[in-house]
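Biologist: I would love a close look at a single part of this protein, with its surroundings filled in as you go. Could you take me through the aromatic residues and what lies around them?

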Amino acid sequence: MAGTLRSQLNMQKLLLCDENFFKVHYSAHILNLIVQDGVKFANDALSWIRKSVKYIKDSESRMIKFKECIEQVGCENTTTTLIADVPTRWNSTYEMLDRALKFRRELAILQLSDKNYMYCPSEEEWNKLEILFWKIQRVLIRMSNDEDVFVSSLANKMMRKFQKYCEEYSDVLSLEAVLDPRIKFTTLSFCHKKIDAYTHDQKMENVKENM
């Protein structure tokens, strides 16, 4: 659809500035790429969690056994259990891992009581999951300087992915901001410095040229 529209507009010479303002990134897809890069750092733990969910949910007797583990820990809510994810939907993976973290002790008990259950993440893998889903909520730039090597490596990798798309962003919104009496160049310049001081001058020059 986008290709057809571009061709039609090009034939009518209606695309300004060499089509620079026509391309708009699909933000949900970019977000998914960023998150999936982060999840790869805990890929082993993710694999064990998926296998754990499948192992338990594939058998009614195992479901009952897992419920007994929940009761043994003393959890009042015995109706909540593990959930599977859809790998192509990052938010479902988050929900699966978030739920698994809450059942960390129960899964450890199941491993002790069921010799056929061999998918419980190790202590190190559990720790990685906790780091991934709690520390990652901090601002990526601040995370890049984290003392935890795992966290800083994760943040830097995600920032590189993010930066790739930041560099390709369209100036359309910037042009609109300049035309807004409440914003103009001064506020736009301030915002660009807050986002990335290193590319500020070049981006502001691009905006002025396009204006």
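Which residue lies over the face of Y55, and at what distance from the ring centre?

Modeller: Happy to help, and please keep in mind that this is a predicted model. The residue over the face of Y55 is R62, at 4.0 Å from the ring centre.

Let's start with the helix that carries this ring. Y55 is one of the buried residues of α3, a list that also includes A45, L46, I49, S52, V53 and I56. The helix itself covers residues 43-57, and its 15 residues should span 21 Å at 1.5 Å a residue; the end C-alpha atoms are 21 Å apart, so the expected and computed lengths agree. As for the spacing of such a list, an α-helix has 3.6 residues a turn, so residues three or four places apart point the same way.

Now to the other rings. Y55 belongs to one aromatic cluster together with W48, Y117 and Y119. Across the whole structure, a search finds five aromatic pairs. One of them joins Y117 and Y119 in an edge-to-face arrangement, with 6.0 Å centre to centre and 75° between the planes. Y117 counts as buried because its relative accessibility is 2%, under the 20% cut-off. Y119 has a relative accessible area of 23%, so this residue is partly exposed.

R62 has a counterpart at another ring: the charged end of K208 sits over the ring of F185, 5.8 Å from its centre.

Beside F185 in the sequence is a residue whose backbone you may want to inspect. K184, found in helix α11 (residues 184-195), has a phi near 60°, a positive value in a residue other than glycine. Most residues other than glycine have a negative phi. K184 counts as partly exposed because its relative accessibility is 43%. K13 also has a positive phi, of about 55°, although it is not a glycine. K13 is found in the loop between α1 (2-11) and α2 (27-40), and with 75% relative accessibility K13 counts as exposed.

Finally, here is the setting for all of this. The protein chain has twelve helices and zero strands. Of its 211 residues, 35% are buried. Among contacts between residues at least 6 apart in sequence, 55% join residues at least 24 apart. The accessible surface of the chain comes to about 13800 Å², with 54% of it belonging to carbon and sulfur atoms.

Notes: Residues numbered from 1 in each chain as written. Predicted model: local features only at pLDDT ≥ 70, side-chain atom pairs only at ≥ 80, totals over all residues. Heavy atoms only, no water. Helix = DSSP H or I, 4+ residues; strand = E, 2+ residues; numbered from the N terminus. Expected span 1.5 Å × (residues − 1). Buried < 20%, exposed > 50% of the residue type's maximum accessible area, 1.4 Å probe, protein only. Contact = heavy atoms within 4.5 Å. Areas by Shrake-Rupley, 256 points an atom, 1.4 Å probe, with all protein chains shown as cover. Phe/Tyr/Trp six-rings, centres within 6.5 Å; stacked < 30°, edge-to-face > 60°. Lys NZ or Arg CZ within 6 Å of the ring centre and 35° of its normal.
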